[in-house]
Amino acid sequence: MGTLVAFEWLSLDGVFEADSMADWFFPYDSPGRRRTILETYQRADALLMGRTTYEMLAPSWSSMADDEMDGLAGVLTHTPKHIASDGPAIADWGQTTTFGGDAVPEVQKLKDDGGTLMLIGSGALATTLAQAGLVDEYILLVQPFVMGTGRRFIGEEMQTALELVQVTQLDQGQLWLHYRVKRG
Amino acid sequence: MRKLILQMQTSLDLFVCDEKGSTEGFVWNWEPDWKWDQKLQEEFIRLKQSMDCVLLSRKMAAEGFIDYWHSIAAQEANPAARFATEIDRARKIIFSKSKRESSWPRADFATEDLATTIQKLKGQNGKEMIAYGGAGLAKELIRTGFVDELHLYVNPVVFGKGESIFQKIAEKLPVQLTEAKGFDCGVVVLKYRMRKSPNVPRPLHTGNAG
């Protein structure tokens, strides 16, 4: 039985939407954050994305050389990717498979294969999987910025008890929070 | 100028209570039995020892905040008495829309508007000032820019929805993380320096605003 980890980038108040990243995410770029993001992705045996996140990432990341963005491009390209989408893969971006229909049994099957499956972005898919009890861990990269308004990653249906695994403070005041979902 | 610290317990999604007003799921809900680990207790006691003035809403006062900590302070064997004593000793300023007399010891209702009251208090000599809420007052303090430090005691629970101190604040707010510490009981203490400067009323302002 594998582990499903949701890795999410958030403002302090939990906003994760891409439209406002110029406010809450980009200003806090730092070598420490880049290294942490790379190391977090390296924990993944496979990545999992919803259609929206995939279509946002695929065009730019698939066109990068492996050593771009401090090597992050290569890690993203060479880690197998599973996309919850009815359509075909839109870019030649390493090993990418898509699946349509109900995501729950599909993701259950992927988890049964073992290893660490890492969900990135993909708020709607995360909600579906959290509701089905399939999310095992959350890794939250929290930026020191309060948006006050905007779409938040953690939604109404994601209520759960957690266990704290680790807290790390990065160099620009970003936080790396790691939690495990408490069962039973 | 002394500092105003806003200290609140929250869920991981930064709600101070769930939609029903409950904080079930917090490691410790302020019961007499103090369920935090020793290190977090020490951290909390140090914070209380650094202040001598408590700002609170009328609702919190009415719900028994002052009386409750007064009673805990009297329980010498209770480890929580160590910080309850500090709250008990501190001067309490209660914010209310209607002005009234306080029957609590060392507690007064603010007689001027929030901005004027806090500016005056900040200018006085003394230790730091602390605010705990309720959520409405906390939001108002953040919005007006009077909070110097935000101390969040983040509990290992996701509420999904509830009462937020950040939702619908008028503008975006950069904050500066000064400390992040995880504790064995599962609480993460986050300390942020707020970088907004207060919307200070003009000194000669004599209008009827507020």
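**Two sheets across two chains**

A:Val146 has its bridge partner in S10(B), and that partner is B:Leu173. I start there since the pair crosses from one chain to the other. One caution first: this is a predicted model.

Now the strands behind that pair. S7 of chain A pairs with strand S10 of chain B, residues 173–182. The sense is antiparallel, over 2 bridges. As a general reminder, strands of a sheet pair through backbone hydrogen bonds, either parallel or antiparallel.

Which sheet does this pairing belong to? An open one of 9 strands, with mixed pairing. Read the order with me: S7(A)-S10(B)-S11(B)-S7(B)-S1(B)-S6(B)-S3(B)-S4(B)-S5(B). At the edges stand S7 of chain A and S5 of chain B. Each has a single partner strand, so one side of each is left without a neighbour in the sheet.

Stay inside that sheet for a moment. S1 of chain B, residues 4–10, runs parallel to S7 of chain B, residues 149–154. The two are joined by 6 bridges. One of the bridge pairs is B:Thr10 with B:Val154 in S7(B).

Two helices of chain B lie across this sheet's strands. Helix H5, residues 114–123, lies across S1, S3, S4 and S6 of chain B. H5 runs at about 165° to S4(B). Helix H6, residues 135–144, lies across S1, S3, S4 and S6 of chain B. For H6 the angle is about 130°, taken to S6(B).

Next, the other sheet. This open sheet also counts 9 strands with mixed pairing. The order is S4(A)-S3(A)-S2(A)-S5(A)-S1(A)-S6(A)-S9(A)-S8(A)-S8(B). Its edge strands are S4 of chain A, residues 96–99, and S8 of chain B, residues 157–158. Each of those pairs on one side only. Further in, S2(A) and S5(A) run parallel, joined by 3 bridges. There, A:Leu47 has A:Met118 of S5(A) as bridge partner.

So much for strands; on to the chain contact. How many residues of chain A are in contact with chain B? The count is 28, against 27 residues of chain B. On the chain A side, strands S7 (145–146), S8 (160–169) and S9 (175–181) each supply at least two residues. S8(A) gives the largest share, 8 residues. By type, the chain A side divides into 14 nonpolar, 9 polar and 5 charged.

Now a helix in chain A. H3 covers residues 51–61, and A:Thr53, A:Tyr54 and A:Ala58 are buried in it. Why do these line one face of the helix? Seen down the axis of H3(A), the buried residues fall within an arc of 115°, so they share one face. The general background: an α-helix has 3.6 residues a turn, so residues three or four places apart point the same way. On the other side of H3(A), A:Pro59 and A:Ser60 are exposed. What covers the buried residues? The cover includes strands S2 (46–50), S3 (81–84) and S5 (116–120) of chain A.

Last, two backbone oddities. A:Asp70 is not a glycine, yet has a positive phi of about 55°. A:Asp70 sits in the loop between H3 and helix H4 (72–78) of chain A. With 13 other C-beta atoms within 10 Å, A:Asp70 is partly exposed.

In chain B, look at B:Arg106. B:Arg106 has a positive phi of about 55°, although not a glycine. Its place is the loop between strands S4 (91–95) and S5 (107–109) of chain B. B:Arg106 counts as partly exposed, with 14 C-beta neighbours inside 10 Å.

Methods
Residues numbered from 1 in each chain as written. Chains lettered and ligands numbered in written order. Predicted model: local features only at pLDDT ≥ 70, side-chain atom pairs only at ≥ 80, totals over all residues. Buried ≥ 20, exposed ≤ 12 C-beta atoms within 10 Å, placed from the backbone. Helix = DSSP H or I, 4+ residues; strand = E, 2+ residues; numbered from the N terminus. Arc of directions from axis to C-beta. Contact = placed C-beta atoms within 7 Å. Pairing = 2+ DSSP bridges. Nonpolar A, V, L, I, M, F, W, Y, C, P; charged D, E, K, R; others polar. Axes fitted to C-alpha atoms, helices over the stretch in contact; angles between N-to-C directions.
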